[in-house]
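Some notes on the helix packing follow, as requested. They are set out point by point.

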Amino acid sequence: MLHTLAIVLPLVWLGWLVLTEWVPMFPLNDLKPGNRGPRLLAAAINYPFPLAIAAGITVDTGWSVTGAMALCGLVLAGHVASWWLPYFGFSTAAQRDVYRRDYARTLKILPTEGRDVVIDVQHLVVGVLTLLMTGTTAAVTMGT
């Protein structure tokens with residue numbers, strides 16, 4: 001059961017990204033023709049990760065599961081660097097510009113006052129899925 005969950009969660013994570021990055025669902029996302037290029041680049045960078053994680057768990061050898069765990073660590077670090085650090089005031093000018101251009105109008109449940117970057121619901125779900133994916137992958141890694 002745990003192996004199955006560790007394979008399925010990265011695919012759910014990927015499915016959520018594809019859905020929210022390509023299907024207009026305002027105010028959950030704010031897709032504009034002008035941000036298609038950055039979305040294509042983000043897809044090229046992000047989409048291979050969950051596929052490789054699921055593959056590593058599927059192959060189920062010591063090296064493949066360890067590799068999947070390392071990739072989960074990278075995904076988690078990327079999420080924290082992209083959303084949580086900026087939310088707590090550690091953002092670059094480029095992150096603030098992207099936020100204003102692509103995410104300022106999206107749905108939020110966290111406090112926004114005094115924040116340059118606020119994590120929207122779309123990326124809160126990504127964060128929860130990332131934690132679940134990382135946790136199940138860690139459990140499989142410790143079990144092998």
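1. Helices here are DSSP runs of H or I with at least four residues, numbered from the N terminus. On that basis L71 belongs to helix 4, which spans residues 62–87.

2. The model is predicted. Its chain has a mean pLDDT of 96, with 99% of the residues at 70 or more. Helix 2 (residues 36–46) has the lowest confidence, a mean of 93, while helix 3 has the highest, at 98. Where pLDDT is low, predicted coordinates should not be read in detail.

3. How do helix 3 and helix 4 pack? Helix 3 covers residues 48–59, and its axis lies 7 Å from that of helix 4, at an angle of about 155°. Angles over 145 degrees count as roughly antiparallel, and the two helices are therefore roughly antiparallel to each other. Their crossing is left-handed. Helix 3 contributes F49, A52, I53, G56, I57 and V59 to the contact, and helix 4 contributes W63, S64, V65, A68, L71, C72, L74 and V75. By class, these residues of the contact are twelve nonpolar and two polar, with no charged ones.

4. Which residues does L71 touch, apart from its neighbours within four places in sequence? They are F49, A52 and I53, which also appear on the helix 3 side of the contact with helix 4. The C-alpha atoms of L71 and T137 are 9.9 Å apart in space, with the two positions 66 residues apart in sequence terms.

5. Helix 4 also packs against helix 6 (residues 121–143): the axes come within 9 Å and cross at roughly 155°. This pair, too, is therefore roughly antiparallel. The crossing of helix 4 with helix 6 is left-handed. From helix 4 the contact takes V65, A68, M69, C72, V75, L76, H79, W83 and W84; from helix 6 it takes H123, L124, V126, G127, T130, L131, M133, T134, T137, A138, V140 and T141. The residues of this contact comprise 14 nonpolar and seven polar, and no charged.

6. V65, A68, C72 and V75 of helix 4 are listed in the contact with helix 3 and again in the contact with helix 6.

7. How many aromatic pairs does a search of the whole structure find? The search gives four. One of them is W83 with Y103: the ring centres are 5.1 Å apart and the planes stand at 80°, so the pair is edge-to-face. W83 sits in helix 4 and Y103 in helix 5 (residues 93–103), and the pair, 20 residues apart, links distant parts of the chain. W83 is also one of the helix 4 residues in the contact with helix 6.

Terms used. Residues numbered from 1 in each chain as written. Predicted model: local features only at pLDDT ≥ 70, side-chain atom pairs only at ≥ 80, totals over all residues. Heavy atoms only, no water. Axes fitted to C-alpha atoms, helices over the stretch in contact; angles between N-to-C directions. Parallel < 35°, antiparallel > 145°, perpendicular 65-115°, else oblique. Left-handed = near helix turned anticlockwise from the far one by under 90°. Contact = heavy atoms within 4.5 Å. Nonpolar A, V, L, I, M, F, W, Y, C, P; charged D, E, K, R; others polar. pLDDT = per-residue confidence, 0-100. Phe/Tyr/Trp six-rings, centres within 6.5 Å; stacked < 30°, edge-to-face > 60°.
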